[in-house]
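This report follows the pairing of neighbouring strands and then turns to the nonpolar cores. The sequence and structure come next.

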Amino acid sequence: MSTDSTVLVQRQDYRSPDFAIDSVDLELFLRPQDTEVRSRLAIRRRNSGAKDLLLDGEGLELLSLSLDGEVLASDRYSFESGKLRISDVPEHFIVDSRVRIQPEANTALSGLYYADAVFLTQCEAEGFRRITWYPDRPDVLARFTVTLHAPKATCPILLSNGNCVATSEADNGWHWARWEDPFPKPCYLFAAVGGAFHVAKDQYVTGSGKKISLELHVAERDRDACEQALQSLKKAMAWDEEVYGREYDLDRYLIVATDSFNMGAMENKGLNIFNSKYVLASPETATDADYQGIESVIAHEYFHNWTGNRVTLRDWFQLSLKEGLTVFRDQEFSADMNSRGVQRIADVRRLRAAQFAEDASALAHPVRPESYKEINNFYTATVYEKGAEVIRMMHTLLGVEGFRAGTDLYFQRHDGQAVRIEELLDALATGSGRDLSGFLRWYSQAGTPRLKAEGHFDAENGRYHLRLQQHTPATPGQEQKLPVPIPVRLAFFYEDGRAARLPSGDEELVILLQDATQDWDFGPFPRAVIPSLLRGFSAPVLLERADAEAADAFLAQHDSDPFNRWDSLQRLAQKALLASIANPERSVLSTELQAAFAAALSQPLDDPAFSAELLSLPTEESIGQLMDPIDVDGIHVQREALRHALGDIFAEDWRHLYHDLAAPYRRDGRAMGTRRLRNLALYYAMGSAQAEEAQSWAERQYRSADNMTDRLAALQVLAFAPHYDADPLLSDFYQRWQSHPLIIDRWFSLQLGRAAPETLRRAQELLQHPAFSWRVPNRVRAVLAAFAANLPVFHASDGSGYRFYAQQIRHLDDLNPQTAARLATVFSRWSRYDEERQRQMRTVMEELLGKDGLSRDLGEILERSLGVSEERS
Ligand code: B3K
Ligand code: ZN
């Protein structure tokens, strides 16, 4: 391990920067193996006590260094663990440096890299130090001028942040372009791109009449797959004006798509760089879910222009200040563009799957962590998704207008600044006139609160008494927990399913639980009522109702809140599954569940996407979260049994749905929901006694589909079916789509879904396939993440799944530590399994920890997972 791998950065150690950077002039001479970076920094002292200047750098070959035009003598500067120290600097001065870097050898995809004949950058969080010597921290804001030089033939397009102010050609076939960004920014928002692209252009006119040129840069072969991204961008721009009063601030908005990217996308000022998964779509190549992913990620990066870029972070501990708020904004945008109820269900499903699991693992941490070794390890579901839930709770309490008054004040006060989460909370509180101080605890306390609800109807006085109690279990390093403010949205129903009005005339209200225990009293009501609690999932907690049994059966049929109706039905299914896992003799289909399914199937199909949600089985992961220890095999067997039972009992419904819902391709919400429901019917039919017939439906659907959603859904049910030989169809699929990397990613994953021992061999073979590449994170994830998601195979009792997976992580860590570390987080949940599996998971982690040249990224994840951070730091 490198020496600085043990440096623990602590939030409380923050010190404001000693020097300010007034301007940065960068000049890059782009060559794949040997790029020269010239930098001129105009620097000013801010802290009179500081004598020496410290700059960050990583993997830079220093070619020259001078101060105010004088080459620096070797006794004026020194190197110390990733830093360059220049001693005794004056008040104002200029530092010129020249360094050499190697973009093609950069497989970590952080800093400047070269992939698919394109030069790209990724600087968040600390990639800029891999490009030049610089104070690489978010609270140093500077004005950037960037000149890019490259051969015109291979790099006809040269892009950076802001406005292009000059271009010119040289005699040797090279050309250059100069870009100026008028907005001072931290270096993590710097971007530069050089390559050949097709440019899809559009225009957006802002509310104040400014014309913005929208330019999407994609590979030539993808020229017809740009429409969704451009439309989504225009919708997001209009929405941010309408809902937050925020206009775009540059003349151009540039997006570049690449297949080689560590995450989803990056919000660099005026020049977003995107994983092509979140840009490219056509009906033949993209699924409905892909279309929605594009809409949401395009919006997310666009919204960062105000929440992240114009107002940025003081330090990396504040990451959720931009990410939690921006996720909340993109969730609300998607809810406004699509069905609000279905959106909320999808968001909570993701929160529970990723964030609740994180809270229950050795990696549990607060939304604002207290320390880190590698900040890239904290781009987590907790910082993003739980962070968004905390914002949502405050939005629920303040209401639309109060919240808007708060964000207006936030932008007015902090535009151009680098701030903390406190500044946001203070602006929301002052702007709305409400006290939000208790919410800071949501940022400092890790763990998922348990919310216990007990209540009864008092027939004497017609009142409903409700007692709410909260308790947050201990998490690593945080034994004692205190109460947090929990907004609970609730409504009441009569036993005939009609909504009960409260004396105030409202049908719904929000109460705020602040203490460990609080009591409420509602009514009077003319007759008995049943409450619907935590509607819309108004707080990120685990709700335990004393009357769950009766309430779930009732609410699964009658709740008018789509989220709660869905959640009640899910709980009925989970309960039935847990009972039959514990006692495999009993039938897995309970009466309540059957009744709820029958009700869902007989209701009119106004919202087919919502019907599909109601009728979907809980995931294996979500059932596992309720078990201690997790019985992966039992879960899989019983879930398949339940699928089979529902497939048989409602065989006629599935058959009708499947045949009646067939329709030519359209792409509105209703058509997408209809496809989803129809493919769900196919899924149940394939798991039932009519499987053989359903198989022929699926084969026909695979061959004749006029869109990728249906084609892939058909292929998936066949590929996952235990006794079906899907290889002929899989090779047909490969032949058809081999020139489309995003589809070939699906092809890799599809082969790893079958819960059978031979899946391990398939995974091994896929790593040898000519189309597999260790350098492309999408491809690596297509195999490894899909493998880990196959619970019976990954958790095979002989440990073979763990060993295979760990071996690949070991290899990947040498190339791309960030992606290796992220994939390794699945092991952090080891303590949730039986003792033998625990031992096997710990063993492979311990072995990895001893690896030569272990990265700081992977090292930190393993140490925290094993609970050995103390000894090593
Ligand atoms: N801000 C980037 C994430 C950067 C991740 C660095 N490891 C994308 C986003 O959240 O919008
Ligand atoms: Zn973000």
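In this predicted model, strand E2 (residues 19-29) pairs with strand E3 in the antiparallel sense over ten bridges, and the two form a hairpin with five residues between them. Strand E3 also pairs with strand E9 (residues 92-101), to which ten bridges join it, again in an antiparallel arrangement. One bridge from each pairing is set out below.

| Strand pair | Bridge partners |
|---|---|
| E2 and E3 | Phe19 and Arg45 |
| E3 and E9 | Ala42 and Ile94 |

Why can E3 be called largely enclosed by the rest of the structure? Of the eleven residues that make up this strand (residues 35-45), eight are buried, and therefore E3 is largely enclosed.

The second topic is the nonpolar cores. In soluble globular proteins, nonpolar side chains tend to be buried together. Here the largest nonpolar core has 276 residues, and Tyr134 and Leu466 are those with the most contacts inside it. Helix H5, spanning residues 381-414, supplies the largest share of this core, with twelve residues.

Leu466 can be followed further: residues up to four places away in sequence being left out, Leu466 touches Ala453, Glu454, Gly455, Leu490 and Ile511, and also Gln518, Asp519, Trp520, Phe522 and Leu533. Apart from the largest core lies another one, made up of five residues, which include Phe493, Ala551, Phe554 and Leu555.

Terms used. Residues numbered from 1 in each chain as written. Chains lettered and ligands numbered in written order. Predicted model: local features only at pLDDT ≥ 70, side-chain atom pairs only at ≥ 80, totals over all residues. Heavy atoms only, no water. Core = buried A, V, L, I, M, F, W, Y, C linked by side-chain atoms within 4.5 Å. Buried < 20%, exposed > 50% of the residue type's maximum accessible area, 1.4 Å probe, protein only. Helix = DSSP H or I, 4+ residues; strand = E, 2+ residues; numbered from the N terminus. Contact = heavy atoms within 4.5 Å. Pairing = 2+ DSSP bridges.
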